[in-house]
Amino acid sequence: MSARADVLDRVRSALGPGVAVPEVPREYRRAGEVGGDIVSLFCSRAAEYKATVRRLAADELQGVVRELCGGKRIAVPPGGPDVLSGVEVVVDDPPLSPQALDGLDGVLTGCALAIAETGTIVLDGGQRSGRRALTLVPDWHICIVEADTIVAGVPDAVAALAEVAAEGRPITLVSGPSATSDIELDRVEGVHGPRNLDILVVA
């Protein structure tokens, strides 16, 4: 008998004729139960993370974007938001190099969805979100969040992203501007992504 077979034989003997599988409790929350106005909750939670949040009507979006981005060079994903009339746009097609992205003033994208309970925007590498590097390298990210894409909690977001995950696309959860306190608990911004995050919530 080989050493491997000997070890496995001992394991089987120790386990006996069968292993009882305990019933796994499933009482955890599977869907959003936050209650109230989830759009308002998202706005307040995102602001707590030091994001700049503006809630506006669809017909105000063009003017607000022009106000924010006027005179700046802004990257957009191919197939991304088309609201940059009068702004110098750099389309990420073919994909811009990290050096080129770093030389831009900012990036404007949409998102896959947003989570009210945690104030989080979710990027999925799709047409609206763009590829991951596009939103991580520039120092300023402007994200358009459609109010009807805001879900109550994380379980709802996980369920909604099941198809994206099955396709193997990168999923990035963003709660506020990039910040870390890893070194001596001193807060440092801009280490893992943009230092500035503007969220435009469109109803």
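Q: Which residue forms a salt bridge with R128?
A: This is a predicted model, in which local features need pLDDT of at least 70 and side-chain atom pairs count only at pLDDT 80 or more, while totals for chains, interfaces and linings use all residues. Residues are numbered from 1 along each chain as its sequence is written, and side-chain values use heavy atoms, with hydrogens and water left out. A salt bridge requires a side-chain nitrogen of Lys or Arg within 4 Å of a carboxyl oxygen of Asp or Glu. The closest N and O atoms are 3.9 Å apart, and the partner of R128 is E146.

Q: How many residues apart in sequence are the parts that R128 and E146 tie together?
A: Helices (H or I, at least four residues) and strands (E, at least two) are DSSP runs, numbered from the N terminus. R128 lies in the loop between strand 6 and helix 5, whereas E146 lies in strand 7. The pair therefore ties together parts of the chain whose separation in sequence is 18 residues.

Q: What is the relative accessible area of E146?
A: Buried means under 20% relative accessible area, exposed means over 50%, and partly exposed lies in between, using a 1.4 Å probe and protein chains only. R128 counts as partly exposed because its relative accessibility is 32%. E146 is partly exposed, with a relative accessible area of 31%.

Q: How many residues apart are R169 and D124 along the chain?
A: R169 forms a salt bridge with D124, and the closest N and O atoms are 2.9 Å apart. R169 is in the loop between helix 7 (162-167) and strand 9, and D124 is in the loop between strand 6 and helix 5 (132-136). The pair thus links distant parts of the chain, with a separation of 45 residues.

Q: Which residue of the salt bridge between R169 and D124 counts as buried?
A: R169 is partly exposed because its relative accessible area is 29%. The other partner has 11% relative accessibility and so counts as buried; that partner is D124.

Q: Which residue meets D139 in a salt bridge?
A: D139 is in the loop between helix 5 and strand 7, and its partner, 56 residues apart, is in the loop between strand 11 (188-189) and strand 12. D139 is partly exposed, with a relative accessible area of 28%, and its partner counts as partly exposed because its relative accessibility is 42%. The N to O distance is 2.9 Å, and the partner is R195.

Q: Which residues are joined into one network by salt bridges that share partners?
A: The structure holds 9 salt bridges. Some of them share partners and join into one network D124, E167 and R169.

Q: What is the order of the strands in the open sheet of 6 strands?
A: Two strands pair if DSSP finds at least two bridges between them. The pairing in this sheet is parallel, and the order is 1-12-7-4-2-3.

Q: Which strands stand at the edges of this sheet?
A: Each edge strand has a single partner strand, so one side of each is left without a neighbour in the sheet. The two are strand 1 (52-56) and strand 3 (88-91).

Q: Which residue is the bridge partner of T109 in strand 7?
A: Strand 4 (residues 106-109) and strand 7 (residues 140-146) pair in the parallel sense over 3 bridges. The bridge partner of T109 in strand 7 is C143.

Q: Which residue in strand 4 stands opposite I74?
A: Strand 2 is joined to strand 3 by 4 bridges, and the two run parallel. In strand 3, I74 has V89 as its bridge partner. Strand 2 and strand 4 pair in the parallel sense over 2 bridges, and opposite I74 in strand 4 stands G106.

Q: Which strands are the edge strands of the open sheet of 4 strands?
A: This sheet has the order 8-5-6-9, with mixed pairing. Each edge strand pairs on one side only, and the two are strand 8 (150-151) and strand 9 (172-174).

Q: Which residue in strand 9 stands opposite I121?
A: Strand 6 (residues 120-123) and strand 9 run antiparallel and are joined by 3 bridges. Opposite I121 in strand 9 stands V174.

Q: What separates the C-alpha atoms of P94 and P78?
A: P94 is in the loop between strand 3 and helix 4 (98-102), and it counts as exposed because its relative accessibility is 61%. P94 and P78 are 16 residues apart along the chain, and their C-alpha atoms are separated by 9.0 Å.
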